[in-house]
Amino acid sequence: MTPPARRPALVCNSQSGSFDSARRDWIAEQFAAAGTPLVADYCLPDQKLPDPARLVADGVDLAVVWGGDGTINASVAALAGWDGTLLALPGGTLNLLAKQLHGERELEAILADVLSGRAHRDVPPTVACAAGRAMVNMLAGPTTVWAEVREHVRQRELASAAALVPEALEESLAGDPVRLAGDAREFQAISMTPSRDGIVVDGLYADSPTLLLRHAIAWVGGDFRDGPRERLTARPTVTISSDAPLGLLMDGEHADGAASVTFRIEPAPMAMLLTMPLP
């Protein structure tokens, strides 16, 4: 087990799915009550993410990131190379990384374990490519357009979401499909999940009205990986190609790739605190 941090700092995002200023104050109070008060508080988007030099200057040894998967991903990228430890706390909508590191548990239980020393330090695997890194999931293909629909729904901008649906339907059915190297089949998207055994690769189907409906429901209503899919392989490196530049989603955040992109398993660029073993 890992002793509690001596000099923690908080990173949060006021636009994350479950942000609440009273909740942020409560987190700070828990660290103070444990004898390790926060030495800094960075709240996005009004403040910038700290870099390693800033945390080193402040003597920070634990970056507590309370937010969704996108906020955690951005924090990991900003702090790459820092020799401290990152604690991911659920503060978004899906919280896929927090569930991977801590299980289906509430923030209170996770924090209680951390502050009492019942957590351990580990370096989880990630999926990386030239465009960036995914801690939880990398997605390539035309159906990534549904992520923008989901974001408008999450922000309760239903009119904007509805306006994007025709484009998402058209792109899903008529957009350039993607292929896994060595496999002739085509998919509307390919999902890549990091694991100790390599990149777990799934092909996602949305090439008929029925499959597309199921896929859209999975995107908008929860985890897109619940949509129609087929397990393809698990290996350290995979290459995905299309007849057009690939649209990518890294932990739900958009990026652009070339028409052929190679993805590889890499350790995260810093250690993280876990309250349960990684799968």
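# Exercises on a predicted fold

Five strands make up an open sheet, ordered β7-β6-β16-β13-β9, with antiparallel pairing. Before we start, note that this is a predicted model, in which local features need pLDDT of at least 70, side-chain atom pairs count only at pLDDT 80 or more, and totals for chains, interfaces and linings use all residues. Residues are numbered from 1 along each chain as its sequence is written, and side-chain values use heavy atoms, with hydrogens and water left out.

## Exercise 1: the five-stranded sheet

Find which strands are the edge strands of the sheet β7-β6-β16-β13-β9.

*Solution.*

Step 1. Start with the rules: helices (H or I, at least four residues) and strands (E, at least two) are DSSP runs, numbered from the N terminus. Two strands pair if DSSP finds at least two bridges between them.

Step 2. The sheet runs in the order β7-β6-β16-β13-β9. Its edge strands are β7 (132-134) and β9 (178-180), each pairing on one side only.

Step 3. From one strand to the next, the twist averages 30°. For such angles, axes are lines fitted to C-alpha atoms (for helices over the stretch in contact), and angles run from 0 to 180 degrees between N-to-C directions.

Step 4. Now look inside the sheet: β6 (residues 125-129) and β16 (residues 260-267) pair in the antiparallel sense over four bridges. Thr126 has Glu266 of β16 as its bridge partner.

## Exercise 2: the six-stranded sheet

Trace the neighbours of β11 in the open sheet β12-β11-β10-β8-β14-β15.

*Solution.*

Step 1. Six strands form this open sheet, and the pairing is antiparallel. β12 and β15 stand at the edges with a single partner strand each, so one side of each has no neighbour in the sheet. The twist here averages 25° from one strand to the next.

Step 2. Take the β10 side. Strand β10 (residues 189-195) pairs with β11 in the antiparallel sense over seven bridges, and a hairpin joins β10 to β11 through two residues. Ile190 has Gly203 in β11 as its bridge partner.

Step 3. Turn to the β12 side. β11 and β12 (residues 229-235) pair in the antiparallel sense over six bridges. Leu204 stands opposite Arg229 in β12, while the bridge partner of Ile199 in β12 is Arg235.

Step 4. Finish with burial, where buried means under 20% relative accessible area, exposed over 50%, and partly exposed in between (1.4 Å probe, protein chains only). β11 (residues 198-204) is mostly covered, with seven of its seven residues buried.

## Exercise 3: three residues

Decide whether Asp256, Ile72 and Asn95 are buried or exposed, and list their contacts.

*Solution.*

Step 1. Contact means heavy atoms within 4.5 Å. The contacts below leave out neighbours up to four places away in sequence.

Step 2. Asp256 lies in strand β15 (residues 253-256). Its relative accessible area is 70%, so Asp256 is exposed. Asp256 is in contact with Ala131, Leu246 and Leu248, apart from neighbours within four places in sequence. Its C-alpha is separated by 9.8 Å from that of Gly132, 124 residues apart along the chain.

Step 3. Ile72 belongs to helix α3 (residues 69-78). With a relative accessible area of 1%, Ile72 is buried. Ile72 touches Val65, Gly67, Leu86, Ala88 and Leu97. Between Ile72 and Asn13, 59 residues apart in sequence, the C-alpha to C-alpha separation is 9.7 Å.

Step 4. Asn95 sits in the loop between β4 (85-90) and α4 (96-102), and at 12% relative accessibility Asn95 counts as buried. Asn95 contacts Gly67, Gly68, Asp69 and Pro90, leaving aside neighbours within four places in sequence. Its side chain reaches the backbone nitrogen of Gly91 at 3.1 Å. This is a polar contact: a pair of N or O atoms within 3.5 Å, where within protein one must be able to donate a hydrogen and the other to accept it, and residues adjacent in sequence count only if both atoms are side-chain atoms.

## Exercise 4: helix α1

Work out what lies at the start of α1 and what follows this helix.

*Solution.*

Step 1. At the start, a side-chain oxygen of Asp20 comes to within 3.0 Å of the backbone nitrogen of Ala22.

Step 2. After α1 comes Gly35, with a positive phi near 85°.
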